[in-house]
Amino acid sequence: MNQQSKSYTVQEATKKIESYCAYQDRCHKEVVSKLKDMGMIPIAIDTILAQLIEDRFLNEERFAKSFARGKFNIKKWGKNRIVRELKFRDISKYNITTALKEIEPEAYSTTLDHLAKKRLDQITETNTQKRRKKLADYLLYRGWESHLVYEKLQELIP
């Protein structure tokens with residue numbers, strides 16, 4: 001049986017979703033999913049979405065920018081991973097491009113350097129090739145561009 005037995009009016013659902021959006025920036029996909037979980041019908045979802053956008057609770061560009069800043073500053077993700085995650089959330093190419101401008105080039109290279117050195121200190125492998133592979137795999141997984149990763153490998157493990 002469906003655990004969500006409470007039914008919401010459009011007004012109740014709108015209030016609930018407004019606080020959901022006020023807590024942190026959300027993308028349209030997250031909000032639609034939440035509304036579906038609340039048992040809202042498609043026409044109600046469209047009405048609520050329109051209201052949220054009009055009242056500035058929902059703004060994909062703002063979401064994309066704060067997402068990119070947050071994932072870079074806190075999780076130390078590279079641009080590839082940020083782009084992949086934004087695409088997964090159905091964010092437009094324009095908003096993805098705008099979001100990536102939030103990352104300062106200077107901070108980007110400093111973060112890559114710091115992350116690579118920190119990870120290299122943690123790798124106990126003695127074989128040079130295996131050390132390089134472990135570091136490269138780690139940085140690529142975190143979404144750093146391959147050309148930057150390989151330049152960093154040349155620099156740190158000659």
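These are my notebook entries on a few things I looked up in this structure.

**Before starting**

I'm working with a predicted model, so I keep that in mind for every entry below.

**Entry 1: helix H3**

I began with helix H3, which covers residues 42-54 and has 13 residues. From its first C-alpha to its last it reaches 18 Å, close to the 18 Å expected at 1.5 Å a residue.

Which residues of H3 are buried? I found Ala 44, Ile 45, Ile 48, Leu 49 and Leu 52. Looking down the axis of H3, I saw these buried residues fall within an arc of 135°, so they line one face of the helix. I jotted down the general point too: an α-helix has 3.6 residues a turn, so residues three or four places apart point the same way.

Next I asked what covers the buried residues of H3. The cover includes helix H1 (10-23) and helix H2 (28-37). Then I turned to the face of H3 that points away from its buried side, and there I noted the exposed residues Ile 43, Asp 46 and Glu 54. After H3 comes Arg 56, and its phi is positive, near 65°.

**Entry 2: the cysteines**

How many disulfides are there? My count came to zero. I wanted to know why, so I checked Cys 21: the closest cysteine sulfur to its own is in Cys 27, 9.7 Å away, which is too far for a bond. The cut-off I'm using is 2.5 Å between the sulfur atoms. Starting from Cys 27 I got the matching result, with Cys 21 holding the closest cysteine sulfur at 9.7 Å.

Are these cysteines buried or exposed? Cys 21 counts as buried, at 5% relative accessibility. Cys 27 is buried as well, at 0%.

**Entry 3: Glu 60**

I looked up Glu 60, which sits in helix H4 (residues 60-73). Glu 60 is buried yet has no salt bridge. Where is the nearest side chain of opposite charge? That is Arg 89, and it lies 9.0 Å away from Glu 60.

I then listed what Glu 60 touches, leaving out residues up to four places away in sequence: Cys 27, His 28, Asp 90, Ile 91 and Asn 95. Cys 27 is on that list, and I had already met Cys 27 as a buried residue in the cysteine entry.

Arg 89 has a salt bridge with Glu 85, at 3.0 Å from N to O. I checked burial for this pair, and both Glu 85 and Arg 89 are buried.

**Entry 4: more salt bridges**

How many salt bridges does the structure hold? I noted ten, and I followed up some of them.

In helix H1, the side chains of Lys 15 and Glu 18 meet in a salt bridge, 3.4 Å from N to O. Lys 15 and Glu 18 are three residues apart, which puts about one helical turn between them. Lys 15 counts as exposed at 57% relative accessibility, whereas Glu 18 is buried, with a relative accessible area of 12%.

Helix H8 (residues 128-141) gave me a pair four residues apart, Asp 137 and Lys 133, again separated by about one helical turn. Their side chains meet in a salt bridge of 2.6 Å, N to O. I noted Asp 137 as partly exposed, with a relative accessible area of 38%.

My last find was a network of salt bridges, which links Asp 113, Lys 117, Lys 152 and Glu 155.

Conventions:
Residues numbered from 1 in each chain as written. Predicted model: local features only at pLDDT ≥ 70, side-chain atom pairs only at ≥ 80, totals over all residues. Heavy atoms only, no water. Helix = DSSP H or I, 4+ residues; strand = E, 2+ residues; numbered from the N terminus. Buried < 20%, exposed > 50% of the residue type's maximum accessible area, 1.4 Å probe, protein only. Lys, Arg positive; Asp, Glu negative; His and termini not counted. Salt bridge = Lys/Arg side-chain N within 4 Å of Asp/Glu carboxyl O. Contact = heavy atoms within 4.5 Å. Expected span 1.5 Å × (residues − 1). Arc of directions from axis to C-beta.
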